[in-house]
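This report covers strand pairing, helix packing and backbone angles in one protein model. Please keep the structure open while reading.

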Amino acid sequence: MDFQYTHPTSATTSTTTTTTAANDAVSVPPSGASDLGGTQSSRRGRGRPRKVEDQAEKEKQRSNREAGSPEHRSSRHVDQNGEVAHSMGVVAEPPLTVPKWESVVRVVPSMDAVVKVFCVHTEPNFSLPWQRKRQYSSSSSGFIIGGRRVLTNAHSVEHHTQVKLKKRGSDTKYLATVLAIGTECDIAMLTVSDDEFWEGVSPVEFGDLPALQDAVTVVGYPIGGDTISVTSGVVSRMEILSYVHGSTELLGLQIDAAINSGNSGGPAFNDKGKCVGIAFQSLKHEDVENIGYVIPTPVIMHFIKDYEKNGAYTGFPILGVEWQKMENPDLRLSIGMGPDQKGVRIRRIEPTAPESHLLRPSDVILSFDGVNIANDGTVPFRHGERIGFSYLVSQKYTGDTALVKVLRNSEILEYNIKLATHKRLIPAHIKGRPPSYYIIAGFVFSAVSVPYLRSEYGKEYEFDAPVKLLDKHLHAMAQSIDEQVVVVSQVLVADVNIGYEDIVNTQILAFNGKPVRNLKTLANMVESCNEEYLKFDLEYDQIVVLQTKTAREATLDILATHCIPSAASDDLKT
């Protein structure tokens, strides 16, 4: 999901001027140059009048020259500026002037900080988790900020094996190091150790959050060219958006500009040349046109300060509750809310939230850090604007506390709630780590994640994946920090598992009567089992029974047959 933008500012002007100079190979006339027609007329007023026949013949020759080579076209240009010498009826052509590009191109310092990002990705193979997929390359955009750092999108360097950066106008690619990847906010931070990379470039300065209808220019390197590209638009909407890569909802800017692949990570500048966002995704739908999205400065600064504060990216915290609007008057009356009270009702509380014991279902959240919450869950934002109160939560950092005022049984209570990151039962990312797996008797057990579902069922996994897995993905809450959904990914066919070949992506609930909390627990229970049989209770009331001794012996042969280096991933061995 990528972007590109421009702005009706100096960047656009300089690009147009450069194109004219490059195509026509002429120098820009000085500002004091007189009008072309006036110069030609005054010259013709000297000397004796020309004959009509001679004038017609010369006009014909002039037309032939204009339709001819570039040299003739240049002569015509010089002639119009009064620099032609006449001798014995022959026109002397002066040598071509080499354009001075420095005088033609108007340099915009902020654009020089935009770099092209080259990345080689090696994604994990969730179907065969003991190996990785074939590597592939991608290009995107980024920009230099203070502290010898570069910002780009997280999805631009996801599962990277090598990252290189190239500055504008340079032919050198510099090896880069990834300092931090923020999956939720789709931002990554890079650096380059080579001092030469930082020479002659001023870092981008950040500006304030733009207002509606403010013009912005997004700069980057979209596919189809190696030179910088700018596209312009205005801020058409500002609200809490769904970040596709991070599967989160954070503040975002909507811009009415066409966005192309390769602009990901490029900066969005305001009319003062300051960065107000990062291009990161666009809306592709048959009913809409020219809708692109930009990560705004509050989200960017949160990412940067989080890294500086903790030495690593820790994420955006959540309150840990699901809530319901209180717009119905009968609902408000039944809960005991007064006519002047507004808020949202707590439906469910995340069991893994650090302060989940303080809040209760059916509590009404009246305010967050002193900001009153409306019945539709919004809070005042700017003049004439409102925004979801989750924006207030996202401005906090992991481990921070917030004062939450709730209404419970007609009594107003206040709590200092500690905020933490979201623990999903089915995580949205595996954060660059290889997928976990465990194999016994040809049964490949894996932990389910969103990348796993996408790998198994494609981009439309929310429609094609098994209903029970989707229900857990969309609605279930983790009861503990280490809880996982463990499934039989596939069965590597062998004599020991005859009759079980059709089991695919089915959750395992218990082993030998004990519940399975996560993949490591399952591996430890199987490895330490001293009973005669291995019994697995699966979803849909299926069971799998194997003889313990036979299963362990067959596992070694199956691993050798499929060239699998180990029966368990490295993270399960520690």
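## Hairpin of β28 and β29

In this predicted model, the hairpin of β28 and β29 has 4 residues between the strands, and Y540 there takes a positive phi near 65 degrees. Strands are DSSP runs of E with at least two residues, helices are runs of H or I with at least four, and both are numbered from the N terminus. Strand β28 (residues 533-538) pairs with β29 in the antiparallel sense over 5 bridges; pairing requires at least two DSSP bridges between the strands. Y533 has Q547 of β29 as its bridge partner.

In a regular strand, side chains alternate between the two faces of the sheet. Strand β29 (residues 543-547) shows this alternation: V544 and L546 point to one face and are buried, whereas I543, V545 and Q547 point to the other and are not. Buried means under 20% relative accessible area, exposed means over 50%, and partly exposed lies in between (1.4 Å probe, protein chains only).

## Positive phi in loops

Most residues other than glycine have a negative phi. D541, in the loop between β28 and β29, has a positive phi of about 60 degrees although it is not a glycine. The residue D541 is exposed, with a relative accessible area of 79%.

A441 is not a glycine either, and its phi is positive at about 55 degrees. This residue, A441, sits in the loop between β23 (437-440) and β24 (443-447). Because its relative accessibility is 0%, A441 counts as buried.

## Two closed barrels

One closed barrel of 6 strands runs β3-β4-β5-β8-β7-β6, with antiparallel pairing. Its neighbouring strands are turned by 40 degrees against each other on average, direction ignored. Within it, 3 bridges join antiparallel strands β4 (residues 136-145) and β5 (residues 149-152), and I145 stands opposite R149 in β5.

Another closed barrel of 6 strands, also with antiparallel pairing, follows the order β9-β10-β11-β14-β13-β12. Here the average turn between neighbouring strands is 50 degrees, direction ignored. Axes are lines fitted to C-alpha atoms, for helices over the stretch in contact (heavy atoms within 4.5 Å), and angles run from 0 to 180 degrees between N-to-C directions. Strands β9 (residues 215-220) and β10 (residues 229-243) run antiparallel and are joined by 6 bridges. T217 stands opposite S232 in β10.

## Basis of the values

Residues are numbered from 1 along each chain as its sequence is written, and side-chain values use heavy atoms, without hydrogens and water. Local features need pLDDT of at least 70 and side-chain atom pairs count only at pLDDT 80 or more, while totals for chains, interfaces and linings use all residues.
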